[in-house]
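Look at the model below and find the ligands. The text that follows goes through the surroundings of each in turn.

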Amino acid sequence: MTVLVPVLGDQLSLDLSSLAAVSQREAVVLMMEVSEETTYVRHHKQKLVYILSAMRHHARALIEAGWQVDYVRLDAPDNGGSFTGEIARAIEHHNPERIVVTEAGEWRVAAMLESWETLFGLPVTICADSRFICSHREFDTWASDRRELTMEFFYREMRKKTGLLMQDGKPAGGRWNFDKDNRKPAKPDLWMPRPLSFPPDAITQEIIAHVETRFADHPGALEGFDYAVTAADAERQAANFFAHALPQFGDYEDAMLTGERFLWHSILSPYINAGLLDPLDLCQRAEAEFEAGRAPLNSVEGYIRQILGWREYMRGIYWREGPDYVDRNFFNHQRSLPDWFWTGDTQMNCLHQAIGQTLVTAHAHHIQRLMVIGNFALLIGADPKQVHQWYLEIYLDAYEWVELPNTLGMSQFGDGGLLGSKPYISSGAYINRMSDYCRGCRYTVTERIGEDACPFNALYWDFLARHRDKLGDNHRLAMPYRTWDRQTAEDQKATRRQAKTFLDGLARR
Ligand code: FAD
Ligand code: DLZ
Ligand code: SF4
């Protein structure tokens with residue numbers, strides 16, 4: 001008897017639930033490079049190289065572990081072009097009696113998996129993805145009797161469930177959250193930790209050449225690609241993070257510095273999301289660093305909260321809200337992103353830095369994504385679906401289940417506040433406080449009106465004025481609205497005129 005076990009490009013774990021559910025003797029593992037997955041958005045070229053190379057390396061690891069693997073390359077002449085097309089070919093070839101697959105990470109692919117039983121007349125077992133710490137049912141139980149789905153309360157449940165940073169049923173250090181200790185700006189520092197560099201091996205080089213020609217119209221640079229593409233190298237980067245960056249992770253979590261792309265961040269999200277690293281294992285290792293006295297609680301708690309809290313919470317929201325979450329548009333924003341989102345060619349230094357490094361590395365850290373790029377997109381009234389597509393295509397770690405709630409929900413307030421009690425917006429003052437970008441900018445961060453005024457300032461107030469009908473009652477915005485109301489009608493008019501002039505010339509900014 002043959003069992004077909006399709007392993008998708010973000011399921012690159014040797015202890016995947018589908019593999020655990022079958023015996024090696026009967027299984028044929030099917031891995032498929034298919035054009036539908038490489039083009040459903042215009043993925044950044046480095047994202048394509050990363051996924052395809054990690055898939056090819058994972059196939060080797062599976063074979064070494066004793067699995068029979070049928071690997072379909074993108075350039076195979078008879079490639080079926082889609083997961084379903086390749087399953088059809090594999091059924092002809094291997095004549096399996098059933099299919100066992102780990103659940104997909106997004107609605108689009110989940111619908112494909114669910115269609116196979118009827119389409120092919122074979123039993124299909126869809127296994128829960130055990131790499132996540134919170135199951136769908138657990139999340140729904142937590143969410144079902146709540147009016148507000150506050151992440152902080154979900155996170156506390158996860159701490160209790162896993163026992164991470166818990167002492168006698170209480171949070172370690174007497175507090176659940178050390179966020180207020182974690183907002184320090186950073187200074188240039190020669191001894192800043194650096195992520196490890198993994199020069200491309202022959203497999204990766206071949207893919208780079210293929211991507212360069214076949215996906216020439218996709219955004220992003222390929223030069224300098226040096227991400228890990230194996231579990232062993234991802235593990236080296238994890239060890240590097242724990243040894244050198246974790247102790248100060250918390251202090252500088254929100255900081256931004258010109259030319260410093262990674263700061264004290266872990267740069268592990270691409271590896272966790274593709275399956276090369278296990279999220280719970282990383283949390284436990286961070287906790288062990290605290291217990292051994294090598295990393296302080298504010299850093300370790302902050303790091304664990306990102307994974308155990310935010311990452312699991314985003315996944316829960318994604319599946320709970322359903323496939324039409326992507327169409328939510330609370331503010332009815334319709335503006336297109338300016339073309340310079342794909343070149344970084346703007347005079348606003350913060351955006352030039354954040355988008356520029358994104359194009360070069362397919363990575364930006366959380367505050368760059370949220371408070372520079374996302375903040376700007378929201379203030380100009382960009383269409384949240386287009387903003388979502390930009391993030392999905394441009395970041396190495398982007399899969400819809402995690403990217404969509406972060407972008408459309410947290411960053412663009414497209415769902416009207418499911419994930420946050422107020423929109424993440426700010427004037428230039430926040431960016432100036434948390435970065436050194438303003439010093440190198442053609443605009444003046446302290447000015448609101450005039451040729452040289454920082455565009456974020458007028459845009460911020462214009463946004464609040466424009467959306468008063470929807471935000472006026474929000475008690476967390478009471479203070480900025482009071483400040484706005486204290487201004488003279490003439491000042492208010494000048495601010496709104498300034499914003500309009502800026503938006504009229506957005507393409508050239
Ligand atoms: P660190 O700063 O070292 O954080 C540790 C880990 O926590 C990360 O590796 C990641 O696994 C997890 N994490 C942190 N914040 C979040 C979060 N908000 N949601 C989920 N996991 C989190 N993250 C993705 O993995 N994929 C995405 O497509 C993605 N899109 C985003 C879009 C927007 C608009 C925003 C604001 C955030 C997005 N994030 C996304 C979250 C976050 O920016 C990245 O996880 C983080 O920058 C990855 O870098 P790192 O591994 O160095 O993270
Ligand atoms: C993102 C991606 C890309 C670019 N290419 C492939 C591929 O060729 N084959 C594959 O199995 N997976 C790929 N992926 C990841 C899938 O899109 C990912 O597995 C789904 O998003 C899961 O829901
Ligand atoms: Fe960005 Fe304004 Fe600062 Fe320039 S002055 S870097 S546009 S916040």
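Four helices each supply at least two residues of the shell around ligand 1: H10 (269-274), H12 (297-321), H14 (366-379) and H16 (400-411). The model that shows this is a predicted one. The shell can also be described by domains: domain 2 (136-195 + 245-321) and domain 3 (339-508) each contribute at least three residues to the surroundings of ligand 1.

In total, 29 residues lie around ligand 1, and those that come nearest are His265, Ser266, Ile267, Asn273 and Asn406. By residue type, the shell around ligand 1 consists of 14 nonpolar, 11 polar and 4 charged residues.

Some of the contacts with ligand 1 are polar, which here means that two N or O atoms lie within 3.5 Å of each other. Isoleucine 267, already listed among the nearest residues, has a backbone N or O atom 2.7 Å from an oxygen atom of ligand 1. The backbone also takes part at aspartate 397, where a polar atom is 3.0 Å from a nitrogen atom of the ligand. Glutamine 306 uses its side chain instead: one of its polar side-chain atoms lies 3.4 Å from a nitrogen atom of ligand 1. On its own, ligand 1 has 820 Å² of accessible area, and the protein covers 99% of this.

Now turn to ligand 2. Where does ligand 2 sit? Its place is in the largest cavity. The elements that give two or more residues to the shell around ligand 2 are helices H2 (35-39), H3 (45-64) and H5 (107-120). Of these, H3 gives the most, with 4 residues.

The shell around ligand 2 has 19 residues, and the closest are Gly9, Asp10, Met32, Glu37 and Glu106. Sorted by type, the residues of this shell are 10 nonpolar, 4 polar and 5 charged.

Three of the closest residues can be followed down to their atoms. Glutamate 37 has a polar side-chain atom 2.5 Å from an oxygen atom of ligand 2. In glutamate 106, an N or O atom of the side chain is 2.7 Å from an oxygen atom of the ligand. For aspartate 10, the corresponding distance between a side-chain N or O atom and an oxygen atom of ligand 2 is 2.8 Å. Taken alone, ligand 2 exposes 480 Å², and the protein buries 100% of that area.

Conventions: Residues numbered from 1 in each chain as written. Chains lettered and ligands numbered in written order. Predicted model: local features only at pLDDT ≥ 70, side-chain atom pairs only at ≥ 80, totals over all residues. Heavy atoms only, no water. Near = heavy atom within 4 Å. Polar contact = N/O pair within 3.5 Å; in protein donor to acceptor, adjacent residues only side chain to side chain. Areas by Shrake-Rupley, 256 points an atom, 1.4 Å probe, with all protein chains shown as cover. 1 Å grid on protein atoms, 1.4 Å probe; cavity = no way out; pocket = protein on both sides within 12 Å on 5 of 7 lines; lining within 4 Å. Sits in = over half its atoms within 2 Å of the grid points. Nonpolar A, V, L, I, M, F, W, Y, C, P; charged D, E, K, R; others polar. Domains from an automatic or database assignment.
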